[in-house]
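Subject: Structure handover

Hello,

Here is the structure I said I would pass on. My notes follow below it.

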Amino acid sequence: MDWNEIQNFSSNIVFGILLIAMIIYWINLALFRDSTLLTQIGRFSTLIANLLLFFILCSRWVVAGYFPLSNLYESLLFLTWTLLTVYLYIETKTKSKLIGSTLIPVALLINGFANLTLSPEMQKSSPLVPALQSNWLMMHVSMMLLSYGTLIMGSLLCILFLVISRNKDVNLKLIDDSSLSLYNIMLDYYETKLLSPSTEISEFGKLKLLQSIDNWSYRIIGLGFPFLTIGIISGGIWANEAWGSYWSWDPKETWALITWLVFATYLHARITKGWEGKKTAILGGLGFFVIWICYLGVNFLGKGLHSYGWLS
């Protein structure tokens, strides 16, 4: 068994583990009351999957001799690893099962696309084309994928806000900042639903949940935006070295700029205009679809300078 077979086998195991973890999180969420055993099993399963992804990426780095971000398959694995790493950190801080229930299905779909859709030839490591033989490969591509991972997570929480609020305007200023963790807020909300209390108590629990989701989406997008900015700047410098131009209006570059503008608008609206709730959630939710167009959509065209190592 060679390294490619070991890596593919490990990646298939990751898919199975994520599928089991997703089922566990959904069952735990449906129980309304938190099950400590299910939570620990789900978190441990995700941690094992994350470590396996780390092993796959490191082994490809050692065997191929370059940072494993040269083709679509490797970038999908790196994106999955980024999503799971950020998720594990945030779940440790919030003690929330809602984030895992939302994010793990996305990570499962990404890993499934890499394993089940891409051909074996596209999954193999191959020699770098001349344009990719640069030290900027690690800087530019890693920053872009780190930004994709964090921004996808933040925008998913924006979509979750819209779903829970049923796309209605919610005045989050009606309650003060709470010291409750997101987990305790969810528990209060679901317990009040289960016990059928007065409408006022139930709505107050829902409002606290929405406020926490809104705050976390803002913080995560605020983390991902600098990564995106650094990635675009480093990409311009690399492009000048490789092709003699900082900017060529390549489809990938154009959509990266659109992605940057969407999230810049989101942060501008929150910081300077004081927007929150539904209006910023719509902007963040829009960013979710823009990111996927930038990351995968333009590559299916097979056009432009960024067709190297992707789909052509």
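I begin with threonine 280, which is in contact with Cys158, Asp214, Tyr266, Arg270 and Trp275 once residues up to four places away in sequence are set aside. Please keep in mind throughout that this is a predicted model. Threonine 280 sits in helix α10. Its relative accessible area is 1%, and it is therefore classed as buried, the limit being under 20%.

Leucine 283 is also placed in α10, a helix that covers residues 278-295. Is leucine 283 buried or exposed? Leucine 283 is buried, because its relative accessible area of 18% falls under the 20% limit. Leaving out residues up to four places away in sequence, leucine 283 touches Val262, Thr265, Tyr266, Ala269 and Trp275. Tyr266 and Trp275 thus appear among the contacts of threonine 280 and among those of leucine 283. For the pair leucine 283 and tyrosine 266, the C-alpha atoms are 6.0 Å apart in space, with a separation of 17 residues in sequence.

On α10 as a whole, 13 of its 18 residues are buried, so the helix is largely enclosed by the rest of the structure. Its length agrees with expectation, because 18 residues at 1.5 Å a residue should span 26 Å and the end C-alpha atoms are 26 Å apart.

Helix α6 (136-164) is one of two helices that each give at least two residues to the lining of the second largest cavity, the other being α4 (98-117). α6 has 29 residues, and from its first C-alpha to its last it reaches 42 Å, close to the 42 Å expected at 1.5 Å a residue. Of those 29 residues, 23 are buried, and α6 is mostly covered. Just after α6 comes arginine 166, with a positive phi of about 55°.

How many cavities of 30 Å³ or more does a search of the whole structure find? The search finds 2. The second largest holds about 40 Å³ of space. Its lining is made up of Ile99, Thr102, Leu103, Met153, Leu156 and Leu157. By class, these lining residues are 5 nonpolar and 1 polar, with no charged residue.

Phenylalanine 44, in helix α2 (residues 36-64), is a case of the opposite kind to the two α10 residues. Phenylalanine 44 counts as exposed because its relative accessibility is 53%, and the class begins over 50%. Phenylalanine 44 and isoleucine 17 are 27 residues apart in sequence, and their C-alpha atoms are 10.0 Å apart in space.

Lastly, the figures for the whole chain. The secondary structure consists of 10 helices and 0 strands, so the order of elements from the N terminus is α-α-α-α-α-α-α-α-α-α. The chain has 312 residues, and 51% of them count as buried. Among contacts between residues at least 6 apart in sequence, 81% join residues at least 24 apart. The accessible surface of the chain is about 14,700 Å², and carbon and sulfur atoms account for 67% of that.

Regards

Note on methods
Residues are numbered from 1 along each chain as its sequence is written. This is a predicted model: local features need pLDDT of at least 70, side-chain atom pairs count only at pLDDT 80 or more; totals for chains, interfaces and linings use all residues. Side-chain values use heavy atoms; hydrogens and water are left out. Helices (H or I, at least four residues) and strands (E, at least two) are DSSP runs, numbered from the N terminus. Buried means under 20% relative accessible area, exposed over 50%, partly exposed in between (1.4 Å probe, protein chains only). Contact means heavy atoms within 4.5 Å. Accessible areas come from the Shrake-Rupley method with a 1.4 Å probe; for residues, only the protein chains shown count as cover. On a 1 Å grid over the protein atoms alone, a cavity is a set of points where a 1.4 Å probe fits but cannot get out, and a pocket is an open set with protein on both sides within 12 Å along at least five of seven lines; lining residues have an atom within 4 Å of a point. Grid points are joined across faces, edges and corners, and a volume is the space filled by probe spheres set on the points. Ala, Val, Leu, Ile, Met, Phe, Trp, Tyr, Cys and Pro count as nonpolar, Asp, Glu, Lys and Arg as charged, and the others, Gly among them, as polar. The expected span of a helix is 1.5 Å times one less than its number of residues.
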